[in-house]
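Colleague: I have this model open on my screen and would love a close look at a single part of it. Could you pick one spot, walk me through it, and then work outwards from there?

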Amino acid sequence: MIVLKTARELSVMKEACRISAGALQVIGQAIEPGVTTGELDGIAEKYILSQGAKPNFKNYQGYPATACISINNEVIHGIPSNKRVIKSGDIVSVDLGAVFNGYHGDNAATFAVGDVSAEAKRLISATEESLYEGIKAARAGGRIGDISNAIQRYVEARGFSVVRDFVGHGIGTQLHESPEVPNFGTPGKGIRLLPGMTIAIEPMINFGRPEVKILPDGWTVLTKDGSLSAHFEHTVAITPDGPQIMTVV
Ligand code: MF3
Ligand code: CO
């Protein structure tokens, strides 16, 4: 079932999204060579709690942390650890969210640390741009496939590939609601977009092939071919005036 939100509900949800975006910003500012992913997770958790919200990934299906922090060939769901040290040249994908007054926010970004390769920079900007292409297509009266195709077309034109095994999602009083929002698809296909829908659009883009595998920890998703991967995500509301990005500080 797709839950449409009233303007009043959207304004409460906007707070959860603002806190989610603030936590992502705080982590982004703390990323530097030598810091551990466990330390970064602690910084985000502290920030979210200081805003009167709660981290919404923690304990979700048993997930043990506030953020997912995925480095280089890791696509998503990397578990923060005090043993995992970030170094110059890494690309670091951070995904996190907060729940506030019953509503969820969810966002992600990939950060370049120190001197990263030109390839990595191209992958990161194409992934970020593809998110904005997807957001532009999130218009009432259109369909989910319009979003999916806008993302896919943008990244494939640049020689990168779209992860198929994980997708974006509706979001609201639950972290994951209907509908699914794939990052690949056909314009004009899929359910119709309506005002009041709130969705998390989140392209996961590989430098090489689209296939992924999961580590024995049961969470960490890696590219099968070992190539780099990037991830950007915003929570977006579909309104009569067009798409509204909710996850902004
Ligand atoms: N951030 C993921 C998403 O965008 C959800 C993470 S699942 C968790 O949908 F268990 F790690 F929280
Ligand atoms: Co999400």
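Modeller: Let's start at Arg143, which sits in the loop between helix 3 and helix 4 (144-157). Please keep in mind that this is a predicted model. Arg143 has a relative accessible area of 26%, so it counts as partly exposed. If you jump from Arg143 to Thr37, you move 106 residues along the chain, and the two C-alpha atoms are 38 Å apart.

On one side of that loop is helix 3, covering residues 118-136. With 19 residues at 1.5 Å a residue, helix 3 should span 27 Å, and its end C-alpha atoms are indeed 27 Å apart, so the two values agree. Several residues of helix 3 are buried, among them Ala120, Leu123, Ile124, Ala126 and Thr127. Further along helix 3, the buried residues include Ser130, Leu131, Gly134 and Ile135. A general point helps when you look at such a list: an α-helix has 3.6 residues a turn, so residues three or four places apart point the same way.

On the other side comes helix 4, with 14 residues. Helix 4 reaches 20 Å from its first C-alpha to its last, close to the 20 Å expected at 1.5 Å a residue. Helix 4 is mostly covered, with 10 of its 14 residues buried. Those buried residues include Ile144, Gly145 and Ile147, and Ser148, Asn149, Ala150 and Ile151 belong to the buried group too. Gln152, Tyr154 and Val155 are also buried in helix 4.

Now for the metal. The cobalt ion (ligand 2) has as its protein donors Asp106 (OD), His169 (NE2), Glu202 (OE) and Glu233 (OE), at 2.1 to 2.3 Å from the ion. Along the chain, the donors of this cobalt ion follow the spacing D-x62-H-x32-E-x30-E. Two of them join distant parts of the chain: Glu202 is in the loop between strand 9 and strand 10 (204-206), while Glu233 is in the loop between strand 13 (229-231) and strand 14 (234-239), 31 residues apart. Both Glu202 and Glu233 are buried. As for geometry, the 6 donor atoms around the cobalt ion (ligand 2) subtend angles of 51 to 173 degrees, and therefore the arrangement is irregular.

Next, strand 8 deserves a visit. Pro179 is found in strand 8, and the peptide bond from Ser178 to Pro179 is cis, with omega near -5 degrees. Glu177 forms a salt bridge with Lys5, at 2.9 Å from N to O. Because Glu177 lies in strand 8 and Lys5 in the segment before helix 1 (7-30), this pair ties together parts that are 172 residues apart in sequence. Glu177 and Lys5 are both buried.

The loop that follows, between strand 8 (177-181) and strand 9 (198-201), holds Ile191. Ile191 has a relative accessible area of 34%, so it is partly exposed. Together with Ile2, Leu4 and Leu194, Ile191 makes a nonpolar surface patch of about 290 Å².

The Glu177 pair is part of a wider set, as the count comes to 8 salt bridges. Another salt bridge joins Arg84 and Glu74, whose closest N and O atoms are 2.9 Å apart. This pair, 10 residues apart, links Arg84 in the loop between strand 3 and strand 4 (91-100) to Glu74 in strand 3. Arg84 counts as partly exposed because its relative accessibility is 33%, whereas Glu74 is buried at 8%. Asp90 and Lys87 form a salt bridge as well, with the closest N and O atoms 3.0 Å apart. Asp90 is buried, with a relative accessible area of 2%.

Last, take a look at two backbone spots. Most residues other than glycine have a negative phi, and most peptide bonds are trans. Asn59 has a positive phi of about 75 degrees, and Asn72 has a positive phi too, near 55 degrees. Asn59 lies in the loop between strand 1 (54-55) and strand 2 (67-71), and Asn72 lies in the loop between strand 2 and strand 3 (74-76). Asn59 is exposed, with a relative accessible area of 64%, while Asn72 is buried, with 18%.

Definitions and conventions:
Residues are numbered from 1 along each chain as its sequence is written. Chains are lettered from A and ligands numbered from 1 in the order in which they are written. This is a predicted model: local features need pLDDT of at least 70, side-chain atom pairs count only at pLDDT 80 or more; totals for chains, interfaces and linings use all residues. Side-chain values use heavy atoms; hydrogens and water are left out. Patches are made of residues with over 30% relative accessible area and no salt bridge: like charges are joined within 9 Å, nonpolar side chains (Val, Leu, Ile, Met, Phe, Trp, Tyr) within 5 Å. Accessible areas come from the Shrake-Rupley method with a 1.4 Å probe; for residues, only the protein chains shown count as cover. A salt bridge is a side-chain nitrogen of Lys or Arg within 4 Å of a carboxyl oxygen of Asp or Glu. Helices (H or I, at least four residues) and strands (E, at least two) are DSSP runs, numbered from the N terminus. Buried means under 20% relative accessible area, exposed over 50%, partly exposed in between (1.4 Å probe, protein chains only). Donors are N, O and S atoms within 2.8 Å of the metal (3.2 Å for Na, K and Ca); water is not among the atoms, so sites may look incomplete. Four donors count as tetrahedral if all angles lie between 85 and 135 degrees; four count as square planar and six as octahedral if opposite donors are over 155 degrees apart and all others between 65 and 115; anything else is irregular. The expected span of a helix is 1.5 Å times one less than its number of residues.
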